[in-house]
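Reader: I'm new to this structure and would like a close look at just one part of it. Could you pick a helix and walk me through it and what surrounds it?

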Amino acid sequence: MHTIDGSQGEGGGQIFRSTLTLSTCQGEPVRIRNIRAGRRKPGLMRQHLVCLHAAQAISGAQVTGDELGSTEVTFKPGKVNAGEYRFAIGTAGSTSLVFQTILLPLLLADGVSEVCLEGGTHNKQAPSFDFIQAGFLPVMAQMGYRAEVQLERFGFYPAGGGRWRARIYPVGELKPLALLERGAVLSKEALVTSAQIPGHVADRELRHIASKGDWAADELQRRQVDSFGPGNIVSLRVYAEHVTEVIEVVGEKQLSSERVAGRAVKEFNRYMEAGVPVGEHLADQLLPMVLGRGGRFRTLAPSQHLLTNIEVIRQLTGMEISVHREGGHAWIVSVPGSTQAR
């Protein structure tokens, strides 16, 4: 049984989720200790517990330590079974993080799976449904992985209540990922999504974005949606030849519209000036490469989040992922392929 220390590196929930994913895919038991030791409230929170129970449900795993606040879990998976699943967080916790925990195991299963997820859909410090749909899944498709998603209801913090569905297909022939160039920029979009908040908030965010860059009027979009509670998110999107980058900042009560938009603009400019195809947050989420055909991608300077994820992958698979600076703001991440890849 592998033992993974959740206090290493950035000490967050990604260590826990990546460990569950790889354990489930490989059918190897793990013990995870010091879970989320680097966070203000260590241990399992509701969304982490749902990730654990989701991985257990698809693999028939034997589990200990599955309770709120637990800092140590053992997980002994069985065979992954495709099927119909529903996972409800019960709070505004991120449904996207639950999805990413079970996606790769279900992609490697023998049949089509239908998954319904309920909770938060557009969360701070987590990929939103839009990021999953527009940014993440198209890159997965380049590797030969196929999943389709459909949003049914938005869910913002703290009310939650969002819902979406995923249809996950078993893999056929996998391909190495070669994402070294962004290619020509085909279009860009600044989209502000709001629910149950005054219209001037979105207007101010869009005005601030327009004042900080070269944005045409038709590139500035406002989307008013229904949800159980109020919410706001700024999404700046770059549609390029080989990749779509989605940069998002969630609005918060204590932040002005201008500060929310300004944070998004700052990250957008950093990405555009670097000339790389893979943004900082997408780089964190290309774990499926290690159980596929591997490959290489160019990205921004690696975050502590990415470096921690790479170390967890090394501990569980023995694979050495190389990260080196190419020059300027660009870095190259090279991932060996799995000998078990189809």
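Author: Let's go with H4, and start with who is tucked away. Phe129, Asp130, Phe131, Ile132, Ala134, Gly135, Phe136, Leu137, Val139 and Met140 are buried in this helix. That makes H4 mostly covered, with 10 of its 14 residues buried. Keep in mind that this is a predicted model, so everything here is read off computed coordinates.

What about its length? H4 covers residues 129-142, and at 1.5 Å a residue those 14 residues should span 20 Å; the C-alpha atoms at its ends are 19 Å apart, which agrees. It does have a bend, though: there's a kink of about 40° at Phe136, one of the buried residues. The proline Pro138 comes shortly after that kink.

Now for the two ends. At the start of H4, Ser128 reaches in with a side-chain oxygen, to within 3.2 Å of the backbone nitrogen of Asp130. On the far side, H4 is followed by Gly144, which has a positive phi near 100°.

Step back a little and you meet the loop between strand S6 (113-119) and H4, which holds Gln125. Gln125 has a positive phi too, near 60°, and it isn't a glycine. Unlike the buried residues of H4, Gln125 counts as exposed, because its relative accessibility is 74% and the cut-off for exposed is over 50%.

For a similar case elsewhere, try Asn34, another non-glycine with a positive phi, this time about 55°. You'll find Asn34 in the loop between strand S2 (30-33) and helix H2 (46-59). Its relative accessible area is 31%, so Asn34 is partly exposed.

Back to H4 and its rings. Phe129 joins Phe99 and Trp164 in a cluster linked by ring pairs. Over the whole structure, a search finds 5 aromatic pairs. One of them is Tyr85 with Phe87, a stacked pair with 5.9 Å from centre to centre and 10° between the planes. Tyr85 is buried, at 16% relative accessible area, and Phe87 counts as buried at 9%.

One last stop, in the loop between strand S7 (146-153) and strand S8 (162-169): that's where Pro158 sits. The peptide bond leading from Tyr157 into Pro158 is cis, with omega near 5°.

Methods: Residues are numbered from 1 along each chain as its sequence is written. This is a predicted model: local features need pLDDT of at least 70, side-chain atom pairs count only at pLDDT 80 or more; totals for chains, interfaces and linings use all residues. Side-chain values use heavy atoms; hydrogens and water are left out. Helices (H or I, at least four residues) and strands (E, at least two) are DSSP runs, numbered from the N terminus. The expected span of a helix is 1.5 Å times one less than its number of residues. The bend at a residue is the angle between axes fitted to the seven residues ending there and the seven starting there. Buried means under 20% relative accessible area, exposed over 50%, partly exposed in between (1.4 Å probe, protein chains only). A polar contact is a pair of N or O atoms within 3.5 Å; within protein, one must be able to donate a hydrogen and the other to accept it, and residues adjacent in sequence count only if both atoms are side-chain atoms. Rings of Phe, Tyr and Trp (its six-membered ring) pair if their centres lie within 6.5 Å; planes under 30 degrees apart count as stacked, over 60 as edge-to-face and the rest as tilted.
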